[in-house]
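Hi,

Here's the structure I promised to pass on. Have a look at it first, then read my notes below.

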Amino acid sequence: MKSLVISLVLLAVFGSISARLPENGLELDKVVYQQRIMEGTINDTINNIVGKLKPYDPIDIKHLAFELLGHTFLIEDANLGGFSNIHASHIKLSGLITWTFELVIDIGRLAETVGHWKVDGAVFYGEGRKDASWDNAKLSIVVTLNPITMNVKSAQITPHVTNTK
């Protein structure tokens, strides 16, 4: 009988642990709510940036010459297109004491053409032509951080491409 009473008391005290779990002064339902707001904010930010890039897709460069770190660069008749189709296909923020942020950005198909490029310097040099494309490009990002201090504990960025040319 004594063990039954103890079990009932423990059930009464800890039975609602899945509904509300205080952790560092935060309640689980409030933490999850904050995480969903952050996910929405991140998605809105990505969509706003991509929306501002759409008028510039594709980028055409007729002639660009500059110097950097003792090297002379020349790019002529270049075209980069497809970057305005970027969208976040997966955004998830989870955890209590340590948050894990997962983001997958679908880039889609990117295509690049450079009619003529040239680099002249002491370390790097060369010239040529370039045609490249990447199909189904994705970028996966996983970051673990402390939600109070926002200190990053770990970060992993993994590119995925199914077909390159």
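A residue counts as buried if its relative accessible area is under 20%. By that cut-off, 22% of the 165 residues of the chain are buried. Keep in mind that this is a predicted model.

On the outside, the chain exposes about 11300 Å², and carbon and sulfur atoms supply 62% of that area.

Now for the layout. The chain has two helices and seven strands, and if you read along the sequence you get the pattern α-α-β-β-β-β-β-β-β.

A good strand to start with is β4, residues 99-120. Which strands does β4 pair with? Here's what I found:

- Strand β2 (residues 71-81) pairs with β4 in the antiparallel sense, over nine bridges. Look for Asn 79, which sits opposite Thr 113 in β4.
- Strand β3 (residues 87-94) is also antiparallel to β4, with seven bridges. Ala 88 has Ile 105 of β4 as its bridge partner.
- Strand β5 (residues 125-145) runs antiparallel to β4 and is joined to it by 18 bridges. Here Val 104 has Ser 140 of β5 as its bridge partner.

Two hairpins show up along the way. β3 and β4 form one, with four residues between them, and Gly 95 in that turn has a positive phi of about 110°. β4 and β5 form a hairpin as well, again with four residues in between.

One last thing, on contacts: among those in the chain with a separation of 6 or more, 55% are between residues 24 or more positions apart.

Have fun clicking around!

Definitions and conventions:
Residues are numbered from 1 along each chain as its sequence is written. This is a predicted model: local features need pLDDT of at least 70, side-chain atom pairs count only at pLDDT 80 or more; totals for chains, interfaces and linings use all residues. Side-chain values use heavy atoms; hydrogens and water are left out. Two strands pair if DSSP finds at least two bridges between them. Buried means under 20% relative accessible area, exposed over 50%, partly exposed in between (1.4 Å probe, protein chains only). Contact means heavy atoms within 4.5 Å. Accessible areas come from the Shrake-Rupley method with a 1.4 Å probe; for residues, only the protein chains shown count as cover.
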